[in-house]
Amino acid sequence: MRSVVTNAATSTARRTRSHTRILATLAFSGIVVSLMQTLVVPLIHVLPELLNTSASTASWVITSTLLAAAVVTPVAGRLGDMFGKRRMILISMAFLVAGSVVCALSETVPLVIIGRILQGAATGAIPLGISILRDELPAQKVGGAISVMSSTMGVGGAIGMPLAAATAQNFNWHILFWASAALGTLVAVAVAVLVPESPVRNPGRFDYVGAAGLAAGLVSLLLAITKGGEWGWTSTTTLGLLGVALIVFLAWGAAELRIAEPLVNLRVSASRPILLTNIASIMTGFAMYATSLTVPQLLQSPPETGYGLGQSMVMAGLCMAPAGIVMMLLSPVSARITNRYGPRTTLMVGTVVIAGGYLIGAALMNEVWQIALVSTIIGAGIGISYAAMPALIMRSVPLHETAAANGLNSLMRMVGTSFASAVMTVVLANMTMPFGPTVVPTHRAFVATFLIGAAAALLALLIAAFIPRRVPAAVVGSASTVELEPEPAR
C-alpha cells in the first residue's frame, strides 16, 4: 500500500513539474514576442538619421510590425487548430529570429521594414500558447495559467522599453536585434524540448480566400487609422482606405458565412458572449495603449513647460516598468477572482481599476512617483482584464477552435491599440502651446488623454456587464465544451 501511495505521489509531482515547465516556457515566449512591439520605440526619433531617410518613412518601422501582427495572428490561430499549436509557435519563432537577423544586418530602411514585418508575424505565439495551456493542463490549473500567459502581453512591452532604451543609449542599435534573435532562438529550443504538441486538432481545408480578404481589410483599416493623422483625416487616401476596408469586410463576411470551413467562424463570433467580449477587448486595448503613448511624453516634457518632468527615455521606461511586473504578480489574484466569481466579474474588476488609475492620473501628474503610481495602477487593471478575456472566449467556443478564437480576440486588442494611437495623437497634436521655436502639448491635453483612457475603460465595463453569466450549451454545440461561470459567493 505504501508503495502504491508513493508511486502516485511521485507521478503527481512529475505531472506538476511538467505543467510548470510548460507554463514557464510559454510565458517566456509571450514576453519575448511582446518585447518586439516596443523594441524600436526608443529609437524612433533617431531612426531617420540612422537609416538615412525621412521621419515619415522611418515610422513604417513601427507601423509594419503592427500590420503584420494584425494579419498573421488570426491566421496563425487557425493553422494551429489545423496542424498543431506547438508547430505554429516554432514557426512564429523562426519568423522572429529571421526578422531580427535581417534588421541586425541592415543599414537601409526597406530591409529594416522587412525584418520588422517578420518580427510582427511572431505575435500569434501568445494566443497559441494560451490555447495549449487549455489543452494540456488540468482544469483546476487552467485559470491561473491563462492569467500568467495573458499578462505577458503587457509585461514584455513594459519592461522592453527601458531595456531597449538603455541598450540603444550605450551600444550600437544593431545589438537590440542580435539580442532579440538570441531570445527567439532560446524560446524555440525551449518550446521544442519542453512543450508537447497538443492532441486537439480541427483538420480541414485552409480558407485562403478568407485569409486574403481579412488581410486586405485589416491593412486598409489599420493604415487609415495609424497614418490618418499624417495624411490628413479628410484626405482622399485616408477616406479611400476606410471605404475600401468597409467594402472588403462586408464582402469578406458574406463569403465567410457561405464557406464550410471559414477562417473565422462568424456564427460563433457573432454570438453574444464572443461578440461582447471582443468589443470589450477593443476598448481595453485602447485603454492599455493610451498610457503607453502619453505617459512617456509627459515624463520627458521639459520642466520649463510648467508640467513636464524632464526625464530621459531610460527613466521614463523605468517609471513604466513596475506596471509590467504588477501584471505578472497579479496573475494569481486574477485566477482567484475568476475561479470564485467567473471571468466576466474579473473583466469588470479590471476595467474599474483601469478607470480609477486614469482618474487619479488626471489629478496627480506633478511628480515622477505619482506618474509611476498611476502607471502601476493602470497596469494592474490591464493585467486583471487581460487574464479574463481568454477565459471568456474559451468557455464559449468548441475545444478545437480555441486557437482561432483566441487569435481573433488578440486581433481585437490590436485594433483597440491602433485606435488609441490615432485618438491620442490627435488630442496631443491639437491641444498645444508655443515652446521656443516649436509647439508642445498643453497640460490640458495630457489631462484629456487620461480622461479619454478612463472613458474607454468605463465603456469596457458597461459592455462587460451585458456578457452572459452563463453560456448555453447550444452556443458551442456541446455542454462538455462549456465552462459555466460560478454563482457569486454569498
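Phenylalanine 171 is exposed, with 53% relative accessible area, in this predicted model. The residue sits in the loop that joins helix 8 (139-170) to helix 9 (174-194). Together with Leu105, Ile175 and Trp178, Phe171 makes a nonpolar surface patch of about 440 Å².

**Salt bridges**

The whole structure contains three salt bridges. The table lists them with the separation of the closest N and O atoms.

| Basic residue | Acidic residue | N to O distance |
|---|---|---|
| Lysine 85 | Aspartate 81 | 3.9 Å |
| Lysine 85 | Aspartate 135 | 2.9 Å |
| Lysine 227 | Glutamate 230 | 3.5 Å |

Asp81, Lys85 and Asp135 are linked in a network of salt bridges. Lysine 85 forms a salt bridge with aspartate 135, at 2.9 Å between the closest N and O atoms. Lysine 85 belongs to helix 5 (residues 85-104) and aspartate 135 to helix 7 (residues 125-136), so this pair ties together parts that are 50 residues apart in sequence. Lysine 85 counts as buried because its relative accessibility is 1%, a value under the 20% limit for burial. Aspartate 135 is also classed as buried, at 16% relative accessibility. As for the other pair in the network, both aspartate 81 and lysine 85 are buried.

The salt bridge between lysine 227 and glutamate 230 lies within a single element: both residues are in helix 10 (residues 208-231), three residues apart, which is about one turn of the helix. Lysine 227 is buried, with a relative accessible area of 2%, whereas glutamate 230 is partly exposed, with a value of 45%.

**Helix geometry and cover**

Helix 17 (residues 368-394) comprises 27 residues, and the distance from its first C-alpha to its last is 40 Å, close to the 39 Å expected at 1.5 Å a residue. The helix is mostly covered, with 23 of its 27 residues buried.

Helix 11 (residues 236-258) has 23 residues, which at 1.5 Å a residue should span 33 Å; the end C-alpha atoms are 33 Å apart, in agreement with that expectation. Buried residues in helix 11 include Thr238, Leu241, Ala245, Trp252, Gly253 and Glu256. The cover over the buried residues of helix 11 includes helix 10 and helix 12 (266-269). Helix 10 is also the element that holds the salt-bridge partners lysine 227 and glutamate 230.

**Residues of helix 18**

Threonine 417 is located in helix 18 (residues 402-430). With a relative accessibility of 14%, threonine 417 counts as buried. A polar atom of the threonine 417 side chain lies 2.6 Å from the backbone oxygen of methionine 414. Leaving aside residues up to four places away in sequence, threonine 417 touches Gly285, Phe286, Met288 and Tyr289.

Valine 423 is likewise part of helix 18. At 30% relative accessibility, valine 423 counts as partly exposed. Its contacts, with residues up to four places away in sequence left out, are Phe286 and Ile452. Phe286 is therefore touched by valine 423 as well as being among the contacts of threonine 417, where contact means heavy atoms within 4.5 Å. Valine 423 and glycine 229 are 194 residues apart in sequence, yet their C-alpha atoms are 9.1 Å apart in space.

**Serine 100 and asparagine 52**

Serine 100 is placed in helix 5, the helix that also contains lysine 85. Serine 100 is buried, with a relative accessible area of 0%. Beyond residues up to four places away in sequence, serine 100 touches Gln119, Phe177, Ser180 and Ala181.

Asparagine 52 occupies the loop between helix 2 (47-50) and helix 3 (55-58). Although asparagine 52 is not a glycine, the residue has a positive phi of about 55 degrees. Asparagine 52 is exposed because its relative accessible area is 72%, a value over the 50% limit for exposure.

Note on methods: Residues numbered from 1 in each chain as written. Predicted model: local features only at pLDDT ≥ 70, side-chain atom pairs only at ≥ 80, totals over all residues. Heavy atoms only, no water. Helix = DSSP H or I, 4+ residues; strand = E, 2+ residues; numbered from the N terminus. Expected span 1.5 Å × (residues − 1). Buried < 20%, exposed > 50% of the residue type's maximum accessible area, 1.4 Å probe, protein only. Polar contact = N/O pair within 3.5 Å; in protein donor to acceptor, adjacent residues only side chain to side chain. Patch = residues over 30% accessible without salt bridge, like charges linked within 9 Å, V, L, I, M, F, W, Y side chains within 5 Å. Areas by Shrake-Rupley, 256 points an atom, 1.4 Å probe, with all protein chains shown as cover. Salt bridge = Lys/Arg side-chain N within 4 Å of Asp/Glu carboxyl O.
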